[in-house]
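Hi everyone, thanks for making time for this. I'll walk you through one structure today, so please have a look at it while I talk.

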Amino acid sequence: MDTGMPTQIPVARCLQSQRMHAAMWPLVACQAPALPRYALVASTVALAHEHHSSIIKLVEAGNFGSAAALIRPLIETAITGAWALYCAPAEVIEGLFWNKQKMPKPNSMLTAIERRPELKEKLGLKKLMEGKGTLFHRFTHGDMDQLRRRFNAHGYTFSEQENLGTLYISDLMLLLSAT
């Protein structure tokens, strides 16, 4: 019986992503740091792990659109972690920690990261995001880029290459969140 479920599941790559996730889990499974900066960074690492795990499970289940929709929150979590660790002024961290200040927008954090030459070269986030920011936004919010892939003349249209890309990007962001 044809369930209409997509069949482009990169099973072997899902297993690799699961192994990476398991190997990095000890970085998360620890007591929360007492200092606000490190508590915020540890929280971003934990959230990145959760998103990463969810993306793998969604790809395995054939829910490729939902997996792709989680890429943006995962990237933004990694950006927040890098910014909090390397760029954020102590008074801003304190304000965030005590809920007296709002989180800066991801683009502002990304700009602060890119202003530091050692981070720009190491992380390369701006290059990753070039031309893709609106695509990630549209996938996250169910825009037509997401909707038109549901049903058309060719059926469900997430290619295996795109599904592999989803896993590769999620693995990269998991690694970035832990650096």
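Let me start with a bit of vocabulary, since I'll use it twice. When two helices cross, we call the crossing left-handed if the near helix is turned anticlockwise from the far one by less than a right angle, and right-handed if it's clockwise. With that in hand, the crossing of α4 and α6 is left-handed. And please keep in mind that what you're looking at is a predicted model.

Okay, the overall picture. The chain has 11 helices and 0 strands, so if you read the elements from the N terminus on, you just say alpha over and over: α-α-α-α-α-α-α-α-α-α-α. There are 179 residues in the chain, and 40% of them are buried. If you take the contacts with a separation of 6 or more, 71% are between residues 24 or more positions apart.

Now, the inside. In general, nonpolar side chains in soluble globular proteins tend to be buried together. Here, the largest nonpolar core has 32 residues, and the members that touch the most other members are Ile-55, Val-59 and Trp-83. Which elements give two or more residues to this core? They are α2 (36-60), α3 (64-69), α4 (71-86), α5 (90-97), α6 (106-114) and α11 (160-177). Among these, α4 gives the most, with 8 residues.

Let's stay with Trp-83 for a moment. What does Trp-83 touch, leaving out residues up to four places away in sequence? Quite a list: Ala-88, Val-92, Leu-96, Met-103, Pro-104, Met-109, Ala-112 and Ile-113.

Ile-113, at the end of that list, sits in helix α6. Is Ile-113 buried or exposed? Its relative accessible area is 0%, so Ile-113 is buried. One more thing about Ile-113: Cys-87 is 26 residues away in sequence, yet the two are 6.5 Å apart in space, C-alpha to C-alpha.

That brings us back to the helix pair I opened with. Two packed helices are described by the angle between their axes and the distance between the axes. For α4 and α6, the angle is about 50° and the axes are 9 Å apart. That makes α4 oblique to α6. If you want to find the spot on the screen, look for Glu-76, Ile-79, Thr-80, Ala-82 and Trp-83 in α4, which meet Pro-106, Met-109, Leu-110, Ala-112 and Ile-113 in α6.

There's a second pair to look at, α2 and α5. These pack at an angle of about 65°, with their axes 9 Å apart. So what do we call this one? Here α2 is roughly perpendicular to α5, because the range for that word runs from 65 to 115 degrees. The crossing of α2 and α5 is left-handed. From α2, the contact uses Pro-36, Arg-37, Ala-39 and Leu-40, and from α5 it uses Ala-90, Ile-93, Glu-94, Leu-96 and Phe-97.

Phe-97 is a handy stepping stone to the aromatics. How many aromatic pairs does the structure hold? It holds 1. Phe-97 and Trp-98 form that pair, and it's edge-to-face, with 4.9 Å from centre to centre and 85° between the planes. As for their surroundings, Phe-97 counts as partly exposed at 35% relative accessibility, while Trp-98 is exposed, with a relative accessible area of 52%. The cut-off for exposed is over 50%, which is why Trp-98 gets that word.

Let me go back along the chain to helix α2, where we find His-51. His-51 counts as buried, at 13% relative accessibility. Not counting residues up to four places away in sequence, His-51 touches Leu-70, Pro-73, Leu-74 and Thr-77.

Also in helix α2 is Ala-46. Ala-46 counts as partly exposed, at 28% relative accessibility. Where does Ala-46 sit relative to Ser-177? They are 131 residues apart in sequence and 8.9 Å apart in space, C-alpha to C-alpha.

Last stop, helix α1, residues 11-24, which holds Gln-16. Gln-16 counts as partly exposed, at 43% relative accessibility. Along the chain, Gln-16 and Asp-171 are 155 residues apart, and their C-alpha atoms are separated by 9.4 Å.

That's my tour, thanks for listening.

How values were computed:
Residues numbered from 1 in each chain as written. Predicted model: local features only at pLDDT ≥ 70, side-chain atom pairs only at ≥ 80, totals over all residues. Heavy atoms only, no water. Core = buried A, V, L, I, M, F, W, Y, C linked by side-chain atoms within 4.5 Å. Buried < 20%, exposed > 50% of the residue type's maximum accessible area, 1.4 Å probe, protein only. Helix = DSSP H or I, 4+ residues; strand = E, 2+ residues; numbered from the N terminus. Contact = heavy atoms within 4.5 Å. Phe/Tyr/Trp six-rings, centres within 6.5 Å; stacked < 30°, edge-to-face > 60°. Axes fitted to C-alpha atoms, helices over the stretch in contact; angles between N-to-C directions. Parallel < 35°, antiparallel > 145°, perpendicular 65-115°, else oblique.
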